[in-house]
Amino acid sequence: MAHILAIDAGTTGVRAIVFDESRTVLGASYRELTTTYPRSAWVEQDPAHVRDATLAVIRSALDAADISGGDLDAIGIANQRSSICAWDRKTLEPLAPLINWQDTRAAERADEMAARGFLCTPGMAISKAEWIVKEIAAAAEAAKAGRLAIGGVESWICAFLGGGVNVTDHASASTTGFYSHLENDYDDAVLEAFSLERTMLPELVESSTIFAHSSEAILGAAVPIGGISGDQQASLFGLGCRDEGQAKCTFGTAAMIELNSGPNITMGGEGTYPLVGWRASGTTVWCVEGAVITAGAAVQWLRDGLGLLDSIDQSAEVARSVADSGGVWAVPAFQGLGTPYGAPQARAEICGLSRGANRAHIVRAVLEGVAQRVVDAANTVWQTAEPPASLRADGGASRNDFLMQRVADFLGIPVERSNQSDGSALGAAALAAMSTGISDDGWASGFVADRVFEPSISDDERATSREQWVERAGRTAGAGQVKE
């Protein structure tokens, strides 16, 4: 029996899962990651804590699977994208905090460079990498001595797990601002503009290739590390969306939609991004991405902010306890509106309240608002392409049956929920399995849905609900009506 270890290093926690060659989970472990906010707009994590938590979940997952490191055949890594950290390439000691992708300390610099024509947003790693080199003395000294390594969470994990290698894959790099999409390489003009050297950056490798082996001091064996990808692209791969035109949505704190756009760079509508889906055997598969900034976080707010739920799992049952929202509607713009509105200043609204409204109406309205936002983003992602035959779904919030049904209703196509909630880990394992020959195609035909949600409303009902929603969300965004 083959054993594949997948590491999914997310924003709020890190997970390790041991799969066998048939995609069965043999053991898993999870730990939360501590996030700090030292100043307004600053979002940091401790690289040493990320390292220690990662090693701890690896050991726990191996114990749960009742195997040792020597029993592993491959390792795959998925990561939170566009976060950035720095370390000494000789000692492997962190030189700076891990600056999270949510951090906007370098927003002014990012906006300045965007005005000069560079693809740079405050969420991308490039301006934050420049900030580290300029503002943190230890990093600047290491740069002068030729010892500075900078990279994302995946690069940091590869460094301490793989004996000091500094690597990333094209999919992860395509989200950072360092990358030239046309050249499949780092953009030298960008590096020069930000005063960064190539020698600091991770080596670009394919998403499915053996690029390192684990340190025997850590796992007791030199296990091939053969899969690496950004979490959303890994999920696209793991959910079996290998053909052009297939799509998935990961329902987590946010909801992220990817459409496989095949061998060519394809643009979606406003607020979407062309990214590398994965690169293997010299071939690049591209995708188009759209973002719903608030998804599962809205349900957390119902529980923690309003006290309307005792647990998140209650939300579907409470929403179904009423026939409709009783005229209540909500735009869940708690941190602005992403695709297609691009309105970070927007804030959430709950409207249509009457004396007859109760907690069930509010819960239902918020869940329906999340579903409508997913449809906003989805329709924009495939605005220049044919809609997919179905939308595959994973992530913690995909376990909410009511939410999945309303997405199918408002979108008008089936939603296929994966039987594996962590598609990113599954994708990382699949990439590793392919690189080591455990699976010729990375389980391309192995997608299994635990439930398919078919649209249950008429075309007229759908059109009416969408027309009302687009007007409401457009007003919230402060951008008028948004055309689909």
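**Exercise 1. Which side chain meets that of Asp-188 in a salt bridge?**

Before starting, keep in mind that this is a predicted model.

*Step 1.* Look at the end of the Asp-188 side chain: the side chain of Arg-198 meets it in a salt bridge, at 2.9 Å from N to O.

*Step 2.* Now place the two partners. Asp-188 belongs to helix α7 (residues 188–193), while Arg-198 sits in the loop between α7 and β12 (203–205), 10 residues apart from its partner.

*Step 3.* Check the surroundings. Asp-188 has a relative accessibility of 47%, so it counts as partly exposed. Arg-198 is partly exposed too, at 35%.

**Exercise 2. Find the salt-bridge partner of Asp-376, and decide whether each of the two residues is buried or exposed.**

*Step 1.* Search around Asp-376: Arg-466 forms a salt bridge with it, and their closest N and O atoms are 2.8 Å apart.

*Step 2.* Trace the chain between them. Asp-376 is in helix α12 and Arg-466 in helix α15 (residues 459–477), so this pair links parts of the chain 90 residues apart.

*Step 3.* Apply the cut-off for buried, which is under 20% relative accessible area. Asp-376 counts as buried because its relative accessibility is 4%. Arg-466, at 5%, is therefore buried as well.

**Exercise 3. Describe the salt bridge between Arg-406 and Asp-409.**

*Step 1.* The side chains of these two residues meet with an N to O distance of 2.8 Å.

*Step 2.* Helix α13 holds both Arg-406 and Asp-409, and they are 3 residues apart, about one turn of the helix.

*Step 3.* Arg-406 and Asp-409 are both buried.

*Step 4.* Widen the view: Arg-399, Asp-401, Arg-417, Asp-450 and Arg-451 are joined into one network by salt bridges that share partners. In total, the structure holds 26 salt bridges.

**Exercise 4. Work out the strand order of the 6-stranded open sheet, then see which helices pack on it.**

*Step 1.* Read across the sheet: the order is β3-β2-β1-β5-β14-β13, with mixed pairing.

*Step 2.* Find the edges. These are β3 (25–32) and β13 (208–213), each of which pairs on one side only. On average, neighbouring strands are turned by 25 degrees against each other, direction ignored.

*Step 3.* Zoom in on one pair. Strands β5 (residues 74–79) and β14 (residues 224–230) run parallel and are joined by 5 bridges. Here Gly-76 stands opposite Gly-227 in β14.

*Step 4.* Add the helices. Helix α9 (residues 231–238) packs on the sheet and touches β1, β5 and β14, its direction making about 110 degrees with that of β14. Helix α5 (residues 153–161) lies across β1 (3–9), β5, β13 and β14, at about 150 degrees to β5.

*Step 5.* Try a residue in β2: Gly-13 lies in this strand. Its C-alpha atom is 4.0 Å from that of Glu-32, 19 residues apart along the chain. With 5% relative accessibility, Gly-13 counts as buried.

**Exercise 5. Explore the largest nonpolar core: which of its 48 residues touch the most other members?**

*Step 1.* The residues to pick out are Phe-251, Trp-382 and Val-407.

*Step 2.* Ask which elements contribute. Those giving two or more residues include β15 (247–251), α12 (359–381) and α13 (401–411). The most comes from α12, with 13 residues.

*Step 3.* Follow Phe-251 outward. Beyond its neighbours within four places in sequence, its contacts include Val-374, Leu-403, Met-404 and Val-407.

*Step 4.* Look for another core: a second, separate one has 39 residues, among them Ile-75, Cys-85, Trp-87 and Phe-160.

Conventions. Residues are numbered from 1 along each chain as its sequence is written. This is a predicted model: local features need pLDDT of at least 70, side-chain atom pairs count only at pLDDT 80 or more; totals for chains, interfaces and linings use all residues. Side-chain values use heavy atoms; hydrogens and water are left out. Helices (H or I, at least four residues) and strands (E, at least two) are DSSP runs, numbered from the N terminus. Buried means under 20% relative accessible area, exposed over 50%, partly exposed in between (1.4 Å probe, protein chains only). Two strands pair if DSSP finds at least two bridges between them. Axes are lines fitted to C-alpha atoms, for helices over the stretch in contact, and angles run from 0 to 180 degrees between N-to-C directions. Contact means heavy atoms within 4.5 Å. A nonpolar core is a set of buried Ala, Val, Leu, Ile, Met, Phe, Trp, Tyr and Cys residues joined through side-chain atoms within 4.5 Å. A salt bridge is a side-chain nitrogen of Lys or Arg within 4 Å of a carboxyl oxygen of Asp or Glu.
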